[in-house]
Amino acid sequence: MGLHYFFNDTRIFSVTNQTMSAGESRETFSGRSAFILAAIGSAVGLGNIWRFPYTTYENGGGAFIIPYLVALLTAGIPLLFLDFAIGHRYRGAAPLSFRRLNKGYETFGWWQVLVNVIIGVYYAVVLGWAAVYTYFSISKQWGDKPVDFFIGEFLKMGDISNGVSFEFVGMVVYPLIAVWIIALAVLALGVQKGIAKSSSVLMPLLVVMFLVLVVSSLFLPGAAKGLDALFTPDWSKLSDPSVWIAAYGQIFFSLSICFGIMITYSSYLKKNSDLTGTGLVVGFANSSFEVLAGIGVFAALGFMAASAGQEVSEVAKGGIGLAFFAFPTIINNAPFGSVLGVLFFGSLTFAALTSFISVIEVIIAAVQDKLKMGRVKSTFVVGLPMMFVSVTLFGTTTGLPMLDVMDKFVNYFGIVAVAFVSLIAIVANENLGLLGNHINKTSSFKVGFLWRLSIVATTGILAFMLLSEGAKLFTNGYEGYPSWFVNTFGWGMAATLVVVAFLLSRLKWKNETKFEVEE
C-alpha cells in the first residue's frame, strides 16, 4: 500500500534512469472517429447477433429492455469509462497500465491477457465456420438436414464419452488457418494502418449488409409473428432476479469490458481525447446493433415458424443453434434464400473478424510493452503459436465440445472473475477518485459520485454472478460432458490462467522506463 500511495502522490512510476512522458513513442489512432470504429468493431461481435435476440426472448421479451437499459447505464458504460481511464492515463496494454496504477495490480493485467489467449484460439474457429458458411449459402451445401450436416459432415464430431480424438477436419482447418493469416496481416500493419483502416472498411460494410438483411427479413411471410414473440412484454419476468442477472451478463459480455481490450485501445488515444463522449457513442452504438439484430433474427425465425406450422417458441434458438441449425433452414425455404444466407453469414464473419483482431491485439500489445519488441515481430511471436494451438485443438473432431466448455469457463471464471477481483482492489485502494479526475480533465460528460457508486454496485453483481454460476456448475456439471473433460478444460484451464498470470507478473520488464503522467 505504501508503494501505491507513493506512485499516486508523485504521479511517477519509477524503475530506471530513463523517463517516458505519456504517449511518447506509442502508436496512436489518427483521431476520435478511428478509435470509435475500432472500439465498436471490438464490441459488436457474435454475441450481438446470436446471443442478444434469444436472451431477450427468454427473459420477458419487450420487458427485458428495462433491465437491459438499467444494466447498460449502471454497469456497461461506467465500466467502459473505467477501462478508458486506465488505458488512457497509463498509456499501456493491460499489464503495464495496471502496473503503473499500482505495482501489485500487474497480475490482473496478465490475467486479462491470458483470457484473451483462450478466447482468441477458439474464436478463430467460429470465424472460420462463418466464412465457410457464407460460401455454402450460395449453393445451400448443407442440404435438407442442416443439423446433421453441421455435426456430421462439416465438423465430423466424435463422442467424447469414448475419449478425446484429435483428428483434423479439412473443412475446418483450412478456413481456420486463412482467418489467422488475415488477422495477423492486419495486426502486423499496426494501430492506424492495420486496426483502424480495417475497421473503417469492415464496420460500414457490416452495417450496410446487416441493414439489408433486416429489411429483407421484415418482408418474409410470418415476420410479424416473430417480432410479436420477441417484443411482446412479459412484465412478470421483472420480478425474477435471474432476468436482471441475464441483462447484466449480456451487457458485460457484449461491450468488451474488463478483459483488456478497451484498456489497450484507449492507450492509443491522443492526450486530450473526450473519454466519456466517446464511451457513450460506443456503448449506445453497440446496443443499437443488438436491437437491430433482434429484429432481423426474429423476423426470420417468424418466417421459419410460419413455414413449418409451428410456434416461434419451437424454433427459437441462440448461439450456434441459431447460426448453423436454424438459419440454414430459413435459407432453404426463404425467397432469395442464398442472398439472405450470404448477408447473414457475411455479417457474422465481419463482426467476428473485427472482434477477433481486438482480442489478439491485447496480447500483442502486452508482449510489446514487456519485451520492447517491434510490431511485426511481436505479431508473429504471439500469432504463430496461437494459430498452431487453435488448429490443433479446434480444427479437430473434438473441437466443438472443447470450444463449448472453454467458452463457458473463460467467460465466467476468467472475464467475470478478473473483473470482480480487480474492481475490489481498485475500490479498496481508493483509485476511483484518481481515475475519475483523469476522465473529467478532457471529457464532455463528467463523472462523480454516481459513477463511483455504479462501480461498487457492479462489483456486488459480479460476485453474485460468480457464486451462482459456480454453485450451478459444481452441482450439475456442464451440458452432460464427462467430469474429467470439464475439470480439465473448464476448471483446470480457469485455475491455470491465474497461476500463469502471477508468474508472468514476476518476470522482469526489459528496459523498463520511468513513466510520468502529464497533468
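Contact here means heavy atoms within 4.5 Å. The structure is a predicted model, and by this criterion F29 touches A34, F35, A38, V191, Q192, I195, A196, Y265, Y268 and K270, when residues up to four places away in sequence are not counted.

F29 also introduces the interior of the model. The largest nonpolar core has 180 residues, and F29 is among those with the most contacts inside it, together with L82, W129, F154, F252 and I360. Helix 6, residues 106-139, supplies the largest share of this core, 20 residues.

Polar side chains also occur in buried positions. S347 has its place in helix 16. Its relative accessible area is 0%, and S347 is therefore buried, the cut-off being under 20%. Residues up to four places away aside, S347 touches I49, L206, M209, F210 and V342. R91 offers a second case, in the loop between helix 4 (65-90) and helix 5 (94-101). With a relative accessibility of 5%, R91 counts as buried. A polar atom of the R91 side chain lies 3.3 Å from the backbone oxygen of S267.

The charged pairs come next. Seven salt bridges are found when the whole structure is searched. One of them joins D369 to R26, with 3.2 Å between the closest N and O atoms. This pair links distant parts of the chain, since D369 belongs to helix 16 (residues 337-371) while R26 sits in the loop between strand 2 (19-21) and helix 2 (32-43), 343 residues apart. Both partners fall under the 20% limit for burial: D369 counts as buried because its relative accessibility is 8%, and R26 counts as buried because its value is 16%.

Helix 16 takes part in another salt bridge, in which the side chains of R375 and E361 meet at 2.7 Å, N to O. R375 lies in helix 17 (residues 375-394) and E361 in helix 16, so this salt bridge ties together parts that are 14 residues apart in sequence. R375 and E361 are both buried.

A further salt bridge is formed by K408 and E469, whose closest N and O atoms are 2.7 Å apart. K408 is placed in helix 18 (residues 399-428) and E469 in helix 20 (residues 449-476), so the pair ties together parts separated by 61 residues in sequence. K408, at 17% relative accessibility, counts as buried, and E469 counts as buried at 8%. Elsewhere, salt bridges with shared partners join E27, E361 and R375 into one network.

The surface completes the path through the model. In soluble globular proteins, nonpolar side chains tend to be buried together. A nonpolar patch of about 340 Å² is nevertheless present on the surface, made by V499, V500, F502 and L503. Of these residues, V500 lies in helix 21 (residues 483-506). V500 has a relative accessibility of 30% and so counts as partly exposed.

Notes: Residues numbered from 1 in each chain as written. Predicted model: local features only at pLDDT ≥ 70, side-chain atom pairs only at ≥ 80, totals over all residues. Heavy atoms only, no water. Salt bridge = Lys/Arg side-chain N within 4 Å of Asp/Glu carboxyl O. Helix = DSSP H or I, 4+ residues; strand = E, 2+ residues; numbered from the N terminus. Buried < 20%, exposed > 50% of the residue type's maximum accessible area, 1.4 Å probe, protein only. Patch = residues over 30% accessible without salt bridge, like charges linked within 9 Å, V, L, I, M, F, W, Y side chains within 5 Å. Areas by Shrake-Rupley, 256 points an atom, 1.4 Å probe, with all protein chains shown as cover. Core = buried A, V, L, I, M, F, W, Y, C linked by side-chain atoms within 4.5 Å. Polar contact = N/O pair within 3.5 Å; in protein donor to acceptor, adjacent residues only side chain to side chain.
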